[in-house]
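User: Please take a close look at one part of this model, the nonpolar interior, and tell me how its residues are placed and what surrounds them.

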Amino acid sequence: MASFSVVPFIFLLLVVVCSARPLYPLPSRTQNENRRPLQTFRPYNIAHRGSNGEIPEETAAAYLKAIEEGADFIETDILASKDGELICFHDVTLDDTTDVANHTEFADRKRTYDVQGVNTTGYFSVDFTLEELKSLRVNQRWVFRDQQYNGKFQIITFEEFISIGLDASRVVGIYPEIKNPVFINQHVKWSDGQIFEDKFVEMLKKYGYKGSYMSEDWLRQPAFIQSFAPTSLIYISNQTDLPKIFLIDDVTIPTQDTNQSYSEITSDAYFDFIKDFVVGIGPWKDTLIPVGSNNYSETPTDLVAKAHAHNLQVHPYTYRNENTFLHFNFKVDPYLEYNYWINKIGVDGLFTDFTGSLHRYQEWTSPLSAKDEDASAALLHKIASMLSEYRKK
């Protein structure tokens with residue numbers, strides 16, 4: 001085991017390497033049959049954009065940190081560049097989390113486009129080639145989070161993201177989102193006539209991701225495909241049997257592709273329909289448990305029970321440690337929040353910005369396995385023997 005003094009040095013080296021060039025130029029094909037398997041006995045720890053509570057989101061360093069901290073799945077948002085390359089980036093604009101405004105060579109790239117019915121102005125990834133996007137550096141989204149890594153990491157591609165998952169020392173799943181497919185298909189055209197969703201699935205197939213939920217193939221390389229656009233999930237169901245998660249936005253926001261209301265897409269009739277294409281839903285957690293003006297959580301809705309009645313998993317988003325996001329019921333304690341959602345509400349997975357916190361909570365509260373119990377018994381026996389020898393003296 002490496003000494004603790006070496007760990008900071010390794011992480012510093014990672015920062016330097018990530019800032020100099022793409023960390024993973026090509027996904028690995030390394031097959032390690034001895035890797036520890038994915039845990040499936042407790043709710044999934046889903047690293048939302050990596051460990052982005054500590055490191056700028058959707059960067060190689062954020063994903064590596066999340067894996068180090070115990071993530072079951074690393075989550076990403078997939079968009080496309082002007083030249084059709086798939087990238088890991090959350091916003092359709094680059095303004096909030098990159099240094100694009102500092103690049104005078106791109107000053108004429110600012111545009112105004114319709115994004116889900118809203119005129120949005122900014123620097124859009126669809127107006128930049130991958131090479132140009134690689135010249136930018138990513139910044140922390142929130143000013144109250146650690147700023148020391150601003151400007152150190154590049155935007156990564158879908159392939160580079162896949163490589164991080166495949167190269168982990170244990171089995172780590174990936175959880176990519178088909179992000180803003182209506183917008184992407186409007187602005188990016190591929191010469192072979194394929195659309196965004198085709199390219200997305202093609203990349204997963206290229207690196208061996210296949211299999212229905214809990215199948216042998218899936219357990220070897222676990223993946224969930226997520227989207228807010230139900231038509232995208234239905235479209236790709238003919239291309240891959242990988243499990244899919246239908247994301248659900250705020251109660252005021254209709255679906256981006258079908259313009260359906262929240263009440264419609266959370267009805268029993270709709271769940272009966274969509275369950276043929278997805279294995280679960282991913283709702284914003286404040287729609288499951290509304291929050292009052294006094295920042296206290298109110299009475300939970302029946303959405304989790306309803307989803308479970310239709311055999312659908314529930315993976316809410318997003319759990320964050322800061323006081324800004326913690327409701328007063330939890331006394332500024334993220335562990336109380338995790339306990340409530342896992343043990344009272346009964347969710348099946350949690351999108352979190354702080355992978356390490358969720359992992360520690362689950363490790364502390366999970367029952368010991370038989371192997372752990374044997375190790376604990378052996379340690380107690382050894383301690384008892386030492387005390388016995390000491391008393392004899």
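Analyst: Once its neighbours within four places in sequence are set aside, Ile74 is in contact with Ala47, Tyr63, Ala66, Ile67, Phe161, Ile164, Gly165, Val172, Gly173, Ile174 and Tyr175. In this predicted model, Ile74 and Trp341 are the residues with the most contacts inside the largest nonpolar core, a set of 95 residues. Another core lies apart from it and has five residues, among them Ile55, Ala62, Tyr149 and Phe153.

One of the partners of Ile74, Ile174, sits in strand 7, which covers residues 173-178. Although their positions lie 100 residues apart along the chain, the C-alpha atoms of Ile174 and Ile74 are separated by 5.0 Å. With residues up to four places away in sequence not counted, Ile174 touches Phe73, Ile74, Phe161, Ile162, Gly165, Leu204, Tyr209, Pro222, Ala223 and Phe224. Ile174 counts as buried because its relative accessible area is 0%, below the 20% cut-off used for that term. As a general matter, nonpolar side chains in soluble globular proteins tend to be buried together.

Trp341, named with Ile74 for its contacts inside the largest core, is one of the buried residues of helix 13, the others being Pro334, Glu337, Tyr338, Tyr340, Ile342 and Ile345. The cover over these buried residues includes helix 11 (285-288), helix 12 (303-309), strand 12 (349-352) and helix 14 (355-365). Helix 13 itself runs through residues 334-345, and its twelve residues reach 15 Å from the first C-alpha to the last, close to the 16 Å expected at 1.5 Å a residue. At the N-terminal end, helix 13 is capped by Asp333, with a side-chain oxygen 2.9 Å from the backbone nitrogen of Tyr335, while just after the helix Gly346 takes a positive phi of about 80°.

Seen against the whole protein chain, these details belong to a fold with 15 helices and twelve strands, in which 54% of the 393 residues count as buried. Among contacts with a separation of 6 or more, residues 24 or more positions apart account for 70%, and the pair Ile74 and Ile174, at 100 residues apart, is one example of residues distant in sequence whose atoms touch. As for the outside, the protein chain exposes about 18,600 Å², and carbon and sulfur atoms supply 53% of that area.

Definitions and conventions. Residues are numbered from 1 along each chain as its sequence is written. Side-chain values use heavy atoms; hydrogens and water are left out. Helices (H or I, at least four residues) and strands (E, at least two) are DSSP runs, numbered from the N terminus. The expected span of a helix is 1.5 Å times one less than its number of residues. Buried means under 20% relative accessible area, exposed over 50%, partly exposed in between (1.4 Å probe, protein chains only). Contact means heavy atoms within 4.5 Å. A polar contact is a pair of N or O atoms within 3.5 Å; within protein, one must be able to donate a hydrogen and the other to accept it, and residues adjacent in sequence count only if both atoms are side-chain atoms. Accessible areas come from the Shrake-Rupley method with a 1.4 Å probe; for residues, only the protein chains shown count as cover. A nonpolar core is a set of buried Ala, Val, Leu, Ile, Met, Phe, Trp, Tyr and Cys residues joined through side-chain atoms within 4.5 Å.
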